[in-house]
Amino acid sequence: MFLQRQPPPSWCETAPFAIGMADEIGDSDAITYAARFYASVANGHSVQAAHDLGRAAVELAGLPDHELPTLACAVDVDSVATFLVKPPQ
């Protein structure tokens, strides 16, 4: 996959991450993605891992829109190394 470097969008000035949908997504798909994403963040996974787990949950549920959720990051942010919650002990 080829990623083209583009100027950072304006949202990068206030938020290091943004989750969007590449197209219209069904309610069940969006709810399934969000539930797994936020549960994964709460369980101490990185932002990237939580995103991947959210997409996988949609696919494993047999829902059609698993490729639509997208994670965008500011240029100076590493989603793999960013944890929003300290993992439970």
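This report describes the fold, the aromatic pairs and the nonpolar core of a predicted model.

## Overall fold

The secondary structure of the chain in this predicted model comprises 2 helices and 2 strands, and, read from the N terminus, these elements follow the order β-α-α-β. The helices are H1, which spans residues 27–42, and H2, which spans 47–60.

Among the contacts in the chain with a separation of 6 or more, 68% join residues that are 24 or more positions apart. Of the 89 residues, 27% count as buried, while the chain exposes about 6,200 Å², of which carbon and sulfur atoms supply 56%.

## Aromatic pairs in and beside helix H1

The structure holds 2 aromatic pairs. One of them is formed by tyrosine 33 and phenylalanine 37, whose rings are stacked, with 5.9 Å from centre to centre and 15° between the planes. Both residues belong to helix H1, where they stand 4 residues apart, or about one turn of the helix, and both are buried.

Phenylalanine 37 also pairs with tyrosine 38, here in an edge-to-face arrangement with 5.0 Å between the ring centres and 85° between the planes. Tyr33, Phe37 and Tyr38 thereby belong to one aromatic cluster.

Is each partner in the edge-to-face pair buried or exposed? Phenylalanine 37 has a relative accessible area of 6% and is therefore buried, because the cut-off for that class is under 20%. Tyrosine 38, at 56% relative accessibility, counts as exposed, because that class begins over 50%.

## The largest nonpolar core

The largest nonpolar core is made up of 5 residues, namely Tyr33, Phe37, Val41, Ala50 and Val58. Helices H1 and H2 are the elements that give two or more residues to this core, and H1 gives the most, with 3 residues. The stacked pair of tyrosine 33 and phenylalanine 37 is thus part of the membership of this core.

## Surroundings of phenylalanine 37

Which residues does phenylalanine 37 touch, when those up to four places away in sequence are not counted? The residues in question are Ile19, Val47, Ala50, His51 and Gly54. One of these, Ala50, is also listed with Phe37 in the largest nonpolar core. Phenylalanine 37 is, in addition, a partner of tyrosine 33 in the stacked pair and of tyrosine 38 in the edge-to-face pair.

How values were computed. Residues are numbered from 1 along each chain as its sequence is written. This is a predicted model: local features need pLDDT of at least 70, side-chain atom pairs count only at pLDDT 80 or more; totals for chains, interfaces and linings use all residues. Side-chain values use heavy atoms; hydrogens and water are left out. Buried means under 20% relative accessible area, exposed over 50%, partly exposed in between (1.4 Å probe, protein chains only). Contact means heavy atoms within 4.5 Å. Accessible areas come from the Shrake-Rupley method with a 1.4 Å probe; for residues, only the protein chains shown count as cover. Rings of Phe, Tyr and Trp (its six-membered ring) pair if their centres lie within 6.5 Å; planes under 30 degrees apart count as stacked, over 60 as edge-to-face and the rest as tilted. A nonpolar core is a set of buried Ala, Val, Leu, Ile, Met, Phe, Trp, Tyr and Cys residues joined through side-chain atoms within 4.5 Å.
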